Amino acid sequence: MIQFERPDGLPVNAYLAEPKDRANAPGIVVIQEWWGLNDQIKGVADTLASAGYRALVPDLYRGKSALDAHEAEHLMNELNFADAAGQDIRGAVQYLKATGSQKVAVTGFCMGGALTVLSSCNVPELDATVVWYGCPPLEYVDASKINTPIMGHWALHDDAFPIKDVDLLEAKLKEARVNFNFYRYDAKHAFANEEADSKNLSFLKYDKAAAVLAWHRTMEFLKLQLLQ
């Protein structure tokens, strides 16, 4: 665990996973699902570190985490999304750049996916974003401010973030001529979370095949955007 400063000077705790060779390694800010900064999202950061990236997970819930959907919904509803994107996530990107990463991407899952979309509009320092099945209300997406490439992974049978909303987001990005590529999978929400089935929620379902394909596409995208 480390601590960084937001642009407004307030401190944020975060989990940092470093690669073996961190010299000039690009960075990735990883944004949690609605469960909080738990072991599963730390594992995502560890996987990215093993691939050569400096992965930083800001603690958006300030030390709190959820074990069930009721707790998770309560914590998510208390979160100020604009503040999280414009301050917490931007501060995380700035921290990675100030400590040696020339390029930094943001990726997030579920709630974190929605925040990743918002960060593409509110964090001018970032270099790319990868969104996993999370979409904010379109009125908060100023596509004219998006200047970096976006990759999106979406579930066709997503009861949390309906695919029709993704279609509307796609149309908005096209109109603004944003560089993006969206992939749709024959899967349910949280298909890349290996712990999804253990939550015993009908709208969550881990899909190994979809997850492997989405991660392959993600790693190729990150190489193209951050290593070249």
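The following dialogue examines two helices, a cavity and one loop residue in a predicted model.

Trainee: What span should helix α1 have at 1.5 Å a residue, and how far apart are its end C-alpha atoms?

Mentor: Helix α1 holds twelve residues, 39–50. At 1.5 Å a residue, the expected span is 16 Å. This agrees with the separation of the end C-alpha atoms, which is 16 Å.

Trainee: Which residues of α1 are buried, and which elements do they pack against?

Mentor: An α-helix has 3.6 residues a turn, so residues three or four places apart point the same way. In α1 the buried residues are Gln 40, Ile 41, Val 44, Ala 45, Leu 48 and Ala 49. They pack against the strands β2 (11–17), β3 (27–31), β4 (54–58) and β5 (104–109), and against helix α6 (208–226).

Trainee: Which side chain reaches a backbone nitrogen at the start of α1?

Mentor: The backbone nitrogen belongs to Gln 40, which is also one of the buried residues of α1. A side-chain oxygen comes to within 3.2 Å of that nitrogen, and the residue that supplies it is Asn 38.

Trainee: Where is the kink in α3 centred?

Mentor: Helix α3 comprises 18 residues, 81–98, with an expected span of 26 Å. Its end C-alpha atoms lie 24 Å apart, which agrees. The helix nevertheless has a kink of about 25°, centred on Arg 90.

Trainee: Which residue with positive phi follows α3?

Mentor: At the start of α3, a side-chain oxygen of Asn 80 reaches to within 3.2 Å of the backbone nitrogen of Ala 82. After the helix comes a residue whose phi is near 125°, namely Gly 100.

Trainee: How many cavities of 30 Å³ or more does the whole structure contain, and which residues line the largest cavity?

Mentor: Rolling a probe the size of a water molecule over the atoms shows where empty space is left. The search finds one cavity of 30 Å³ or more, and the largest holds about 40 Å³ of space. Asn 38, whose side chain reaches the backbone of Gln 40, belongs to the lining together with Gln 40. The full lining is Gln 32, Glu 33, Trp 35, Gly 36, Asn 38, Gln 40, Ile 41, Asn 193, Glu 195 and Lys 199.

Trainee: Is Ser 202 buried or exposed?

Mentor: Ser 202 sits in the loop between β8 (180–188) and α6. Its C-alpha atom is separated by 9.4 Å from that of Asp 159, 43 residues away along the chain. Because the relative accessible area of Ser 202 is 65%, and the cut-off is over 50%, Ser 202 is exposed.

Definitions and conventions:
Residues numbered from 1 in each chain as written. Predicted model: local features only at pLDDT ≥ 70, side-chain atom pairs only at ≥ 80, totals over all residues. Heavy atoms only, no water. Helix = DSSP H or I, 4+ residues; strand = E, 2+ residues; numbered from the N terminus. Expected span 1.5 Å × (residues − 1). Buried < 20%, exposed > 50% of the residue type's maximum accessible area, 1.4 Å probe, protein only. Contact = heavy atoms within 4.5 Å. Polar contact = N/O pair within 3.5 Å; in protein donor to acceptor, adjacent residues only side chain to side chain. Bend = angle between axes of the 7 residues up to and from the residue. 1 Å grid on protein atoms, 1.4 Å probe; cavity = no way out; pocket = protein on both sides within 12 Å on 5 of 7 lines; lining within 4 Å. Points joined across faces, edges and corners; volume = space filled by probe spheres on them.
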